[in-house]
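This report describes the overall build of a protein and then its metal sites. The sequence and structure are shown first.

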Amino acid sequence: MRIDLHAHSNVSDGTEAPATVMAAAAAAGLDVVALTDHDSTDGWAEASLAARAEGVALVPGMEISCRTDEGISVHLLSYLHDPAHPGLLEEITKAKDARLTRAERMVTLLAEDYPLSWDDVIHHVAPGATLGRPHIADALVAAGVVADRTEAFASILTSHSRYFVQHYAPDPAVAVALVRAAGGVPVFAHPVASARGRVVGRRTYLEMIDAGLAGLEVEHRDNPEDGRAYLRALAEEHGLLVTGSSDYHGTGKPNLLGENLTTPDVLARIEEQATGTAVVRP
Ligand code: AMP
Ligand code: ZN
Ligand code: FE
Ligand code: FE
């Protein structure tokens, strides 16, 4: 069984439509794939139909952008939650709206130094999609400022850049509790991805565990090996599930579907804990 529990479509910052991601998952020889767009479940319906047609099982999911009281970015994966749960829906709607204002501010700052307009950015965003820095990166690529998203993130768009603007994001422990309240299973995404920015300390892990954290995404290309050892020890100590995933973004990132996998027993335990919605099986 080949199970990959983290993939994005153009409902957020992936480059392919949800149906195309399902076809790509089948082509990559996956048996199970999770669709985990940033702060949105809008791709679930299309992905469900396509998954059945492609003969791949779909785990409906989402990736929630969070920020700690110390200003550290945390990504939380939610699996199998109720997409209509009012508390969770309110929180991601607030974040999605804030992302729009934030992107407008970033483009205003960037436009002082680069040939970039708001229309150039919107050109790269599917209607209703969750806006992110990758879409701004696409406009910078089109303008010939950088070669690809990776170069944009390594320079102009890093969180240290003078063009970077934050957006509203819930506290990670609050988000964990909301995912549980919505019947979902919360897993901390790429927890030690230090190249992206500061990573959280023990206190944040303990707060998230107290709030109901189910697992840690250990096998992810952005987690350095020493950090993975720390995560495995933490999972052992607290009885957390350990997942492995690609974080596929179509052509937006080098990450390939199936480059990391989750074991069938871990998927079974995620399903046991979930009450919000079910895995879509062909
Ligand atoms: P944002 O949520 O708008 O702050 O943008 C962060 C998102 O950009 C992350 O969720 C990643 O999916 C994506 N991202 C981060 N680093 C890179 C990179 N080097 N290349 C392409 N996409 C990236
Ligand atoms: Zn992304
Ligand atoms: Fe992430
Ligand atoms: Fe992701």
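## Surface and overall build

The protein exposes an accessible surface of about 11400 Å², and carbon and sulfur atoms contribute 54% of that area. The model is predicted. Of its 282 residues, 54% count as buried.

The secondary structure of the protein consists of 10 helices and 7 strands. The protein has a radius of gyration of 18 Å, close to the 19 Å given by the globule rule for 282 residues, so it is as compact as a globular protein of that length. Along the principal axes, the C-alpha atoms fill a box of roughly 50 × 45 × 40 Å. Among contacts with a separation of 6 or more, 73% are between residues 24 or more positions apart.

The protein carries 22 positive and 39 negative charges, and the mean positions of these two sets are 3 Å apart.

## The metal sites

The iron ion (ligand 3) and the zinc ion (ligand 2) are 5.6 Å apart. Their coordination is summarised below.

| Metal ion | Donors | Distances |
|---|---|---|
| Iron ion (ligand 3) | Glu 63 (OE), His 75 (ND1), His 190 (NE2) | 2.0 to 2.2 Å |
| Zinc ion (ligand 2) | Asp 13 (OD), Asp 13 (OD), His 38 (NE2), His 249 (NE2) | 2.0 to 2.6 Å |

The donor residues of the iron ion (ligand 3) follow the sequence spacing E-x11-H-x114-H. Glu 63 belongs to strand β3 (residues 57–67) and His 75 to strand β4 (residues 73–79), so this pair ties together parts that are 12 residues apart in sequence. Glu 63 has a relative accessibility of 0% and counts as buried. His 75 also counts as buried, because its relative accessibility is 13% and the cut-off for burial is under 20%.

For the zinc ion (ligand 2), the donor residues are spaced D-x24-H-x210-H in sequence. Two of these donor residues, His 38 and His 249, lie in loops: His 38 in the one between β2 (32–35) and α2 (44–54), and His 249 in the one between β7 (241–244) and α10 (264–273). The pair therefore ties together parts that are 211 residues apart in sequence. His 38 is buried, with a relative accessible area of 8%, and His 249, at 3% relative accessibility, counts as buried too.

Key: Residues numbered from 1 in each chain as written. Chains lettered and ligands numbered in written order. Predicted model: local features only at pLDDT ≥ 70, side-chain atom pairs only at ≥ 80, totals over all residues. Heavy atoms only, no water. Helix = DSSP H or I, 4+ residues; strand = E, 2+ residues; numbered from the N terminus. Rg over C-alpha atoms; globule rule 2.2 N^0.38 Å. Buried < 20%, exposed > 50% of the residue type's maximum accessible area, 1.4 Å probe, protein only. Contact = heavy atoms within 4.5 Å. Areas by Shrake-Rupley, 256 points an atom, 1.4 Å probe, with all protein chains shown as cover. Lys, Arg positive; Asp, Glu negative; His and termini not counted. Charge placed at Lys NZ, Arg CZ, Asp CG, Glu CD. Donors = N, O, S within 2.8 Å, 3.2 Å for Na, K, Ca; no water.
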